[in-house]
Amino acid sequence: MAGNVDAIFERLKRLAAEAGLPDVEESTSYGNPAPKVGSKSFVAVKNAETIVISISLDDKDHLLEMAPDVYFQTDHYVGWPHLPVRAAVIGDEELRLRLVGAWLFRAPKKLAAGFKDQARS
């Protein structure tokens, strides 16, 4: 099982690098592997099946309606800006998009603004 967690964490790191997300640190959150930006976790590997992304509550509701096969919620996450994701179901392109959104949601404002400016050019 630890192998699956490690493989998922490697996937997250690879996709974050491919997306060009700056200042991503390898860390943990509640004992789980979690890339961070500005010392804040923006995604974590909960277990061998689940990734948890940081997300606004409005965006969370939209994704839950749009793709309930990929995104789900447990009582623990109701009302919180975090969304569980089925790691085996989400494709790399979709996950990369969600990582960028999670990173922007948690990154310091100045760093996020610089990333957005760079992406526009």
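1. In this predicted model, strand β1 and strand β2, the latter spanning residues 32–37, run antiparallel and are joined by six bridges. One of the pairings can be named residue by residue, since V24 has V37 in β2 as its bridge partner.

2. The sheet to which these strands belong is an open one of three strands, in the order β1-β2-β3, with antiparallel pairing. Its edges are formed by β1, covering 24–29, and β3, covering 40–41, each of which pairs on one side only. As background, the strands of a sheet pair through backbone hydrogen bonds, in either a parallel or an antiparallel manner.

3. Turning to the helices, α3 (residues 92–106) and α4 (residues 109–120) have axes that come within 8 Å and cross at roughly 140°, and α3 is therefore oblique to α4. On the α3 side the contact is made by V100, W103 and L104, and on the α4 side by L111, A112, F115 and K116. Sorted by class, the residues in this contact are six nonpolar and one charged, with no polar residue.

4. A further residue to examine is L63, which lies in helix α2, residues 57–66. Is L63 buried or exposed? With a relative accessible area of 2%, L63 is buried, because buried here means under 20%. When neighbours within four places in sequence are left aside, L63 is in contact with I55, P68, Y71, L83, E94 and R98.

5. Finally, L63 can be placed relative to the sheet residue V37, the bridge partner of V24: L63 and V37 are 26 residues apart along the chain, and their C-alpha atoms are separated by 23 Å.

Key:
Residues numbered from 1 in each chain as written. Predicted model: local features only at pLDDT ≥ 70, side-chain atom pairs only at ≥ 80, totals over all residues. Heavy atoms only, no water. Pairing = 2+ DSSP bridges. Helix = DSSP H or I, 4+ residues; strand = E, 2+ residues; numbered from the N terminus. Axes fitted to C-alpha atoms, helices over the stretch in contact; angles between N-to-C directions. Parallel < 35°, antiparallel > 145°, perpendicular 65-115°, else oblique. Contact = heavy atoms within 4.5 Å. Nonpolar A, V, L, I, M, F, W, Y, C, P; charged D, E, K, R; others polar. Buried < 20%, exposed > 50% of the residue type's maximum accessible area, 1.4 Å probe, protein only.
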